[in-house]
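Me: I would like to go through this structure term by term, asking what stands behind each word.

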Amino acid sequence: MKKHHSNRSMFSGKLGFVLSAAGASVGLGNIWRFPYLAAKYGGGIFLLIYILLALTFGYTMIVAETSLGRMTRKTVGAFASFTKSHTLKAGGWINAIIPILIVPYYSVIGGWVIKYLFEYICGNGTKLAEDGYFSMFISDGVSAEICFIVFALITLTIIFAGVRNGIERVSKFMMPILVVLSVIIAIYSVTRPGALKGIQYFLVPNLENFSWMTVVSAMGQMFYSLSIAMGILVTFGSYMKKETSIENSTRNVEVFDTAIAIMAGLMIIPAVFAFSGGDPNTLQAGPSLMFITIPKVFASMGLGTAVGILFFVLVLFAAVTSSIALTESAVSTFEDELHWNRKKSTVVIGIIMLALGTLSSLGYGPLDAVKILGMQFLDFFDFLTNSVMMPIAAIATCLLVSRVIGVDRIEEEMTQEGGTFRRKKIFVMMIKYLCPVFAAIILISSVMNAFGLISM
């Protein structure tokens, strides 16, 4: 065991962990998913609930998962290290399987981003804004498949290079650029004529826009945004040095992630307001907001091509930093549990990515007729991981920490080398009572919605 620990890859320090963990968090979840959910479920009231959840639920789960990883220097084995319960051990395996299922369809969406960036660079922004362009592109199996493979190969190349030379180096390069680009695009967006109402809608909470779905959607988004219950934080925790403060690092990840989510909202919602005059149907475009509505917005602006290039470079960087985190979590599981080397683990993950990703890529084209629970492959994988497996993994983590390991052991890990645990009271209340309940609500409501028992 000691030998395994000493040979384990490590982040160089706090900055490496924070930027890599923030890179994992700041992905399509923030820049693609957050704005359309905020637009659809009440703007400012959604944002307020999301921030409250991030500071409580999010904080608790980040601390729990990171501590688990650092204590054990394992991923899946982090659960098995503390319990013989087959039910809780299964929680560790669910954590491990989630990234393996997410990264293939995530890479398909990353491929869409590559296609749009390429077209903007070629000066074809007006073509992207045409009605039906996006549907035509994703239904063309060959074009979508090639873009998906390019994105997957970029991810696998970075993973092959390792933790410090790959993940950490890329995150340190991409994250500062991502922040600068988001600020530039947000400033441009909020200064468009008619954007002020969009700013107010997004930043000012309005109780009239509140519904139960606002809370459920904000909870679901928080899993996606903060990379909770995906095995990523357990994996990154296992690479974290003992002298790095878990609490300070968690706070930095929270701030970074929430700030980018807010910037993404400011990039997209005011621009859509300015373009549509606040048309509710346009705001509730859902997942298509980034690929259908935004190109129309850019086409209506001066400097539309330049802004389009900057925007999709930003989205590509965000997508890559998250996909390498997901893939690294999967690779780490193979290294730990099957004792494979990095090369073999990366190759096997690459094969799985190409196989499952191809199903998602072709699901809107040649495989359009094949559906599971009425969903295309991509939508089904998203539902299975985000709405079913992640809440179950979160519940298992809460039970392991609160009933088996104990808060005292977490506190001991947190306070090593002069670390702090200032939000201990919040942590105890959330991990014992509220986090499992919230995760169960997401699970039950999502499954009921999938089977048509309720409408979300």
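Me: What makes the passing of helix 17 and helix 18 a right-handed crossing?

Reply: Helix 17 passes helix 18 in a right-handed crossing, a term used when the near helix is turned clockwise from the far one by less than a right angle, whereas anticlockwise would be left-handed. This is a predicted model, in which local features need pLDDT of at least 70 and side-chain atom pairs count only at pLDDT 80 or more, while totals for chains, interfaces and linings use all residues. Residues are numbered from 1 along each chain as its sequence is written, and side-chain values use heavy atoms, with hydrogens and water left out.

Me: Why are helix 17 and helix 18 called oblique to each other?

Reply: The axes of helix 17 (residues 304-337) and helix 18 (residues 342-362) come within 9 Å and cross at roughly 125 degrees. Angles under 35 degrees count as roughly parallel, over 145 as roughly antiparallel and 65 to 115 as roughly perpendicular, the rest being oblique; the two helices are therefore oblique.

Me: Which residues of helix 17 meet helix 18?

Reply: T327, E328, A330, V331, F334 and E335 in helix 17 meet residues of helix 18 that include R342, I349 and M353, where contact means heavy atoms within 4.5 Å.

Me: How do you know whether M61 is buried or exposed?

Reply: Buried means under 20% relative accessible area, exposed over 50% and partly exposed in between, with a 1.4 Å probe and protein chains only; M61 has 0% relative accessibility and therefore counts as buried. M61 lies in helix 4 (residues 44-72), and among the residues that M61 touches are I228, A394 and C435.

Definitions and conventions. Axes are lines fitted to C-alpha atoms, for helices over the stretch in contact, and angles run from 0 to 180 degrees between N-to-C directions. Helices (H or I, at least four residues) and strands (E, at least two) are DSSP runs, numbered from the N terminus. Lists of a residue's contacts leave out its neighbours within four places in sequence.
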